[in-house]
Amino acid sequence: SGQVRGLCGTFNGDQRDDFTTPEGDVEPGVAAFANAFRAAGACPALGPGIPDPCDGFPGSRERAEAACAVLMGPAFQ
């Protein structure tokens, strides 16, 4: 706890600094935060909207909903 930083956050109990970039800036939005970790030329930059991951992988929505159903079920209530 308190010793990590990156795409998974800071894990220090303060959600306000979870979007800390490699430069130490705290971004207010998901797209700007993700773009700070993007390897130049490796993939397109994210726009201001958050893309739906299921749009890029047809047929995955059903598998994802089934997998998430376990987390929403009685075992984790």
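**Exercise 1. Locate Asp14 in the predicted model and describe its surroundings.**

*Solution.* Step 1: in this predicted model, Asp14 belongs to the segment before α1.

Step 2: the relative accessible area of Asp14 is 25%. Buried would require under 20% and exposed over 50%, so Asp14 is classed as partly exposed.

Step 3: along the sequence Asp14 and Gly2 are 12 residues apart, while their C-alpha atoms lie 9.6 Å from each other.

Step 4: the side chain of Asp14 forms a polar contact of 3.0 Å with the side chain of Arg16.

**Exercise 2. Determine how many salt bridges the whole structure holds, and characterise the partners.**

*Solution.* Step 1: searching the whole structure yields one salt bridge.

Step 2: its partners are the side chains of Asp14 and Arg16, with an N to O distance of 3.0 Å. The cut-off for a salt bridge is 4 Å, and the distance of 3.0 Å between Asp14 and Arg16 satisfies it.

Step 3: the accessibility of each partner is then examined. Asp14, at 25%, is partly exposed. Arg16 has a relative accessibility of 69% and therefore counts as exposed, the limit being over 50%.

**Exercise 3. State whether Thr10 is buried or exposed, and list the contacts of its side chain.**

*Solution.* Step 1: Thr10 is located in the segment before α1.

Step 2: the relative accessibility of Thr10 is 7%. Because this value is under 20%, Thr10 counts as buried.

Step 3: two polar contacts of the Thr10 side chain are then read off. One reaches the side chain of Asp17 at 2.9 Å; another reaches the side chain of Asp18, also at 2.9 Å.

Step 4: the wider environment is obtained by setting aside neighbours within four places in sequence. Thr10 then touches Gly2, Val4, Arg5, Asp17, Asp18 and Thr20. Asp17 and Asp18 thus appear both among these contacts and as polar partners of the Thr10 side chain.

**Exercise 4. Describe the backbone peculiarity of Phe11 and its exposure.**

*Solution.* Step 1: Phe11 is found in the segment before α1.

Step 2: the phi angle of Phe11 is positive, at about 50 degrees, even though the residue is not a glycine.

Step 3: with a relative accessibility of 57%, Phe11 counts as exposed, because the limit is over 50%.

**Exercise 5. Find the aromatic pairs of the whole structure and classify their geometry.**

*Solution.* Step 1: the search of the whole structure returns two aromatic pairs.

Step 2: in one of them, the ring centres of Phe19 and Phe33 are 4.8 Å apart and the planes meet at 20 degrees. An angle under 30 degrees defines stacking, so this pair is stacked. The pair joins distant parts of the chain, with Phe19 in the segment before α1 and Phe33 in helix α1, 14 residues apart.

Step 3: the pair of Phe33 and Phe37 has ring centres 5.3 Å apart and planes at 70 degrees. Since edge-to-face requires an angle over 60 degrees, this pair is edge-to-face.

Step 4: the ring pairs connect Phe19, Phe33 and Phe37 into a cluster. Within this cluster, Phe33 is buried at 5% relative accessibility. Phe19 is partly exposed at 30%, and Phe37 is likewise partly exposed, with 30%.

**Exercise 6. Place Ala36 in the fold.**

*Solution.* Step 1: Ala36 is part of helix α1, which covers residues 30–36.

Step 2: a relative accessible area of 26% makes Ala36 partly exposed.

Step 3: apart from residues up to four places away in sequence, Ala36 is in contact with Thr21 and Pro22. The C-alpha atoms of Ala36 and Asp25 are 9.6 Å apart, at a sequence separation of 11 residues.

**Exercise 7. Summarise the annotated region and the confidence of the model.**

*Solution.* Step 1: an unreviewed UniProt entry places the feature "domain: VWFD" at residues 1–44. Over residues 1–44 the chain is 16% helix and 0% strand, with the end C-alpha atoms 32 Å apart.

Step 2: the mean pLDDT of the protein is 81, and 96% of the residues score at least 70.

Step 3: confidence is highest in α1, at 86, and lowest in helix α2 (residues 53–56), at a mean of 73. Where pLDDT is low, predicted coordinates should not be read in detail.

How values were computed: Residues numbered from 1 in each chain as written. Predicted model: local features only at pLDDT ≥ 70, side-chain atom pairs only at ≥ 80, totals over all residues. Heavy atoms only, no water. Helix = DSSP H or I, 4+ residues; strand = E, 2+ residues; numbered from the N terminus. Buried < 20%, exposed > 50% of the residue type's maximum accessible area, 1.4 Å probe, protein only. Contact = heavy atoms within 4.5 Å. Phe/Tyr/Trp six-rings, centres within 6.5 Å; stacked < 30°, edge-to-face > 60°. UniProt positions renumbered as here; feature names shortened; annotations may be inferred. Polar contact = N/O pair within 3.5 Å; in protein donor to acceptor, adjacent residues only side chain to side chain. pLDDT = per-residue confidence, 0-100.
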